[in-house]
Each structure stands twice: as C-alpha cells, then as structure tokens.
Amino acid sequence: MNVAPTSSTWTNQQCQLPSLHTMIGTRQLYHPCHHQMISPVHLYSYKHVMDGFSAVLSQTHLSQLEKLPGHVSTFPESYGHLHTTHTPQFLGLNAYSGLWPAGKFGDDIIIGVLDSGIWPESESFNDRNMPPVPQRWQGMCETGTEFNTSHCNKKLIGARKFSQGMKQYRLNISNTNDYDSPRDFLGHGTHTSSTAAGSRVQNANYFGYAGGTATGMAPSARLAMYKVGFYSKDIRVIDAAATDVLAGMDQAIEDGVDIMSLSLGFKETPFFKNPIAIGAFAALKKGIFVTCSAGNSGPHGYTMFNGAPWLTTVGAGTVDRELGARVTLGDGDITVTGISMYPENLFISRIPLYFGHGNRRKELCDWNSLDSKDVAGKFVFCDYDNESSVFRSEDIYGTDIAGAIFSSAYGEFQRPAEFYLPFVTVNTKDGDLIKTYILNTTNATVSVRGFALIRDDDYLLTDYALVSGTSMSCPHTAGVAALLKATHRDWSSAAIRSAMMTTADVTDNANGRIIDMTTAVAGTPLDFGAGHLNPNKAMDPGLVYDIEVEDYINYLCALDYTSKQIQIITGTSNFSCEYASLDLNYPSFIVILNRTNTTTSKFRRVLLNVADTASIYNAVVEAPPGMKVAVQPSTVNFPGKYSKAVFNLTVEINLEVDSVARQSDYFGNYGFLSWNEVNGTHVIRSPIVSAIASAKNP
C-alpha cells in the first residue's frame, strides 16, 4: 500500500473494532486483527477533513504503515450516536420584518445535514416556486435502495450515504429497519432536515395536536443529506462510524455546503481524537458554519458532547406551549383538562384510577416515589401545579367511576419556556462556555412507518411528528445561521456564533430567569449557556467577537497539544506556537476554581464593529457578591464599520462556600458584562462565570 508523505488514514479490520489512527500528514483508521493476515480494504480517501484515508488493515499491515516516513498517528474506529408549526413564531421570526425577509428566508444558502437519511416524498421538501439550483453546487443525488436521482429537486439538491465503516465492523445494515441508501427509515434525519429548511406546509399536525403551517427556519434554503447513521440489526440502535462521518463531512465540504448540521456526537475525547472536531476544523477553514447537538445526557456535570470552541453547540429547552387533552369521568361527573400527546380518542371502562392523594411527590408523579405495584394497569393522574391545579385531589380520590372518555388534542396552553439541558460545565483544559437554545417541534417524519404508540406494538402512521431534544435544537440553529449568512455574506462562522450568543435572552417569556425544569430553580450559564436564541436581535448585534484560524491554533498550543496532535486537527504543519494562549476571543468568560475559593483571572478581548456607522459603547457589569469585575477601558470608540477596539477584563472571585447556594453542581457564581451603545440601541451581553473544577476532569 502506498501512502503519500503527507496523508492521513482511517483504517479498520474485519475481526474487531476498527481504529482511527493518524499519520504525519497521514491519518488512518485501522481494525487490528492481531497476527491474522488479511488483504487491506480501502474505505475512503479524504481530501478536506484530513490528508489521508481510511482502510481495514491487519495488525501486521498497520505496524508496517506506522513505520513509514511521514506517519503522524492512528486512531481506532469509534461510533457516535444520533443524539415545526410553532417554533419560528416562538423565536420571533416574522414574514414581513426582521431576519426572515432580510435573509430572504435563506435563499441561495445550502445546508448539509449529516443524519439518518431523508424521506424525499415529504411535502416539506417540495420545491414549488424555487429558483434553479445554485451553479456553485457540486453535489449529486445518488441511487440506492428505494432511492434514485429523481427524488432530488430544487429543494433537496443532494443526497448521499456513507456506510463503509459500519459494514466493515460486521454491523449489517438492517434490510427491514433501514435502507442502504440516502432514504430515511426512523425519521430522525427527515425531522432535522425539515426543521432546518423545510418548505411551508399548511395544515400540518400530529393527530390534531400542534396544528398550523409547518416550516423550517430557513424555508428557502437548499438541503443536502449525507446519511451516516444506520440501524444495525446486530446492535439494534442507530450508530454512525467515525470513518463514515468523516467521509460525509469531507464530501459536504467538497460539494459546497454553507452550513453543516450534525445532530450526533461521539464520546468526548481530546479534540485530536474526535472526528467531528477534526472535520469541523476543515469546514471552518472553508468558511462553513458547523453546528452540533450537545446531547441529552444531562442535567449533571460533564455530560455535554461536541465541546470544541469552533463548533456551535446547542442544548435543548421547551417552547411556550403545552398540548392539552381532556378526560371526562363517569357520566360527565368530573372533567379534567391536562397535558397529553396521546394520538386518539378513547373510551376506557373498568380501569382503576390512581392519584397519589396525600403524598405530594406521588401527586406530582415523581417516578422515584411511585410504586409500580400501585400504578400498574391504572389510569394515572398527575398534578403538576398545586396552586393553579385544573382539578382538586378530592375530586379524584375515592371516586368510584365505571368509565372515562379521553379526548385528545384539546387545545393548547401558554407557559414559560424552560430549559432541560445537558449540564454545560467547563473543564479546566477547555475553558469556553457553549451556548444553548430551545426546541419542541412539529415537522416531517417518515410517513409509512408507525410512529405513535397506542397500545402494545400497535402504532399509528403520521406525516408530521412532535420531537424534542438537542437533536432538534441543532437544526433550528443551522436554519438561523443560514438566515444570518444570507444577510451578512462577509461574516465569519465565529461572527455568526458571537451574534447569536451575545444577543441571546437569559429570561423566559414570563420575564423570569430561565429555569432548569429538572430542579425547578433558576438556571445559570452552566445550564442555559449564553441564553435563548433570538434571531432578530442576532441579525443586528452592533459588535461581534471574531476569531481567526490562527487564534484557534494558539488556543490548541496552550492546551499543551503536541505538534503532531495540532496537525491532526488543523491539517497543517505550517504553524507556530509563539503566541499560545487559552484566552480565546470568545463571547464568554470562565474562571476556574481549582481547590480554592479565591482567585483572580484576566482576559483580553477584541470587539469588531459590524454596524454601518461610527459608535461609542459603555461597559455595564452585573456582578453578584463574591465577584468583582473591572473593565479597562470602560468606554470604547469605533470610528466606522469593521473598526476594532481592545479591552481587558479582570475578575476577582472570593466565595464563602458555606453561604453559596449552589444551584447546580460545579457552579460558583455568575454575572454579566454588557456593552451598551451610547445614544443607540445595540447591546451585547456575555456571561462571567466561576466554576469549580471537577476532581474527575475528563
């Protein structure tokens, strides 16, 4: 096997788990078979994400390869997991003003989605009234199982699948529960795609729930699907092989996407071992904005995925509505209105009722308090709001009723938006806060596969589904990024991310601090990140914190990565660590308390004026007890567009640990730095957080 002196290889073998390895220019994914000799199998050659290839090699071949001049390193194959009718309105998007018309609804922007495939027949991917495909597009629509080139159009302009890595690990792609083609089976990729850029579809609903016009965040943008997630009949889950994900990202870069959306993640490792971090850095150098889901493993510390600072990582929360149903007990004796998404009306007879009368935790249906023997086979009532309950416990308790009528899709209720997030904690090496957003969406799914469980193994079909989690918040961000890129063609990915972060809302729609719904207390920036995405404010932030490729390299140098490790991430050996610094020009500030309650940290930041006029800004600090913040200078002047200003921030932390009400583990305290325009309307805000270092820092 010939290896270029500056190439990378991702190789695997047919007897056990493939491995990702990287070479001096050469990265390879191998699958060690000990002393067993097998013929090498080439999987992919990479052009952008690394200078190298992936292949299946025996241990003997691998050992020979690693001895070649120019070898950098090799890594084992790994596997990642796949982590609306109302949300555009909830996010403030309006057809006649703001970001939607300014960005022409995403016109001419191409969003590449790496996911489980797409169901092209969905009405969300119709191309009515769309102009021709942009001439710069280099992608294609490939054929495969129940998929051909005719399934693409002016909306879905590309569709490919990448399954070689999955197959080489002897994970047989299911013939009954998936397709070895770009076609989606489980609906995950169809939903994320339609959330990011689905066309407008009137009268969409989920069995009467959440009815309205379903539309993506950027309904005029184009979509390209890169299927990397497959259902394996051997392990019965959807997984994505690192080799396949890298191949999909490499192809998306080659095809010419503007935005890349990945609702999946791999186990957190150093950046030089993380395929998404590596692929996203290559995309960054091409000006491609990459957004990823943060995972659904919270709310505890160190549960976030996709933590590289050049990624825009998104958590999940709720929207301001709940979907209602009504239960009528007996002959109309009692009517209870509550929250449900059950898909059909029912008449229930001779089924006992259960309500945890007298035990507040059981009344709330706290699953840690309920006894399965008490509730099994019963109709369970939960009272989630004692002060404004829709029924009294006495109405239910002790009532002998022969039957009940369940009426589904009975109205909607407005409520404050809360956050249910992976706990966004920062470790002592990678000191950046990552922003988080929201979601709970009604969008397209696979229409021929049962989705709504009604009993046992009986499912109902639906064209549109209600889905939540960070997988669905991620494409919201991708769609908004498409709108921002369409509005500001000169903005970098870092500028887009900064605009989103510094204009995000940290209060809910009831004007209270965003709460963590798992604890029902006010969240902190370690929970909600920079805050809740506000697209219209992000369109015109006034100032941004921009970051160049060299800044990220200086950051990697300061992490004490070796030259080879930095080369793996950046794809180049032509760099210097002379200006190594962890103080990345990021729109947030983190102070790590490492076995101490007092410390002082200093930060340097550069602001870039992206407004059309000259301006002056004043610094405004919100600091709690135990935190002192000094900004120098406290007033900055911008003579015109693209002018810059430098400021220094000094943060002193002095915590009395016993008196600190820790709302979340690892949390110290937090404040905010805002820059307010003098005689203007622009305001940008960044969190300042002290966080307690984990003894089990990953």
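## N274 and the second largest cavity

Let's start with one side chain: a polar atom of N274 sits 2.9 Å from the backbone nitrogen of I276. That fits the cut-off for a polar contact (a pair of N or O atoms within 3.5 Å; within protein, one must be able to donate a hydrogen and the other to accept it, and residues adjacent in sequence count only if both atoms are side-chain atoms). This is a predicted model, where local features need pLDDT of at least 70 and side-chain atom pairs count only at pLDDT 80 or more, while totals for chains, interfaces and linings use all residues. Residues are numbered from 1 along each chain as its sequence is written, and side-chain values use heavy atoms, with hydrogens and water left out.

You'll find N274 in the loop between β16 (264-265) and α7 (275-285); helices (H or I, at least four residues) and strands (E, at least two) are DSSP runs, numbered from the N terminus. N274 is buried, because its relative accessibility is 4% (buried means under 20% relative accessible area, exposed over 50%, partly exposed in between, with a 1.4 Å probe and protein chains only).

N274 also helps line the second largest cavity, along with E268, T269, F271, A277, N306, G307, A308 and L311. A cavity here is a set of points on a 1 Å grid over the protein atoms alone where a 1.4 Å probe fits but cannot get out, and lining residues have an atom within 4 Å of a point. It holds about 40 Å³ of space, a volume being the space filled by probe spheres set on the points. The lining has 4 nonpolar, 4 polar and 1 charged residues.

## The annotated active site

An unreviewed UniProt entry marks D115, H188 and S471 as "active site"; such annotations may be inferred rather than shown by experiment. These residues are spread over 357 residues of sequence, yet they cluster in space, with a largest C-alpha distance of 9.8 Å.

D115 belongs to strand β8 (residues 110-115) and counts as buried because its relative accessibility is 0%. Its side chain makes a polar contact of 3.5 Å with that of S116. S471 sits in helix α11 (residues 470-487) and is buried too, at 2% relative accessibility.

## Buried helices and a buried lysine

What about H188? It is one of the buried residues of α5, a list that also includes G189, T190 and H191. In fact, 10 of the 10 residues of helix α5 (residues 188-197) are buried, so the helix is largely enclosed by the rest of the structure.

Helix α1 (residues 59-66) has H61, L62 and L65 buried. Looking down the axis of α1, these fall within an arc of 100°, so they line one face of the helix (the arc is that of the directions from the helix axis to the C-beta atoms).

Then there's K227, in strand β12 (residues 222-227). K227 is buried, with a relative accessible area of 0%. K227 and R183 are 44 residues apart in sequence and 8.1 Å apart in space, C-alpha to C-alpha.

## Backbone oddities

Most residues other than glycine have a negative phi, and most peptide bonds are trans. K104 has a positive phi near 50°, and F105 has one of about 60°. K104 lies in the loop between α3 (99-102) and β8, as does F105. K104 is exposed at 57% relative accessible area, whereas F105 is partly exposed at 25%.

The peptide bond from Q632 to P633 is cis, with omega near -5°. P633 is in the loop between β36 (627-632) and β37 (635-638).

Definitions and conventions:
On a 1 Å grid over the protein atoms alone, a cavity is a set of points where a 1.4 Å probe fits but cannot get out, and a pocket is an open set with protein on both sides within 12 Å along at least five of seven lines; lining residues have an atom within 4 Å of a point. Ala, Val, Leu, Ile, Met, Phe, Trp, Tyr, Cys and Pro count as nonpolar, Asp, Glu, Lys and Arg as charged, and the others, Gly among them, as polar.
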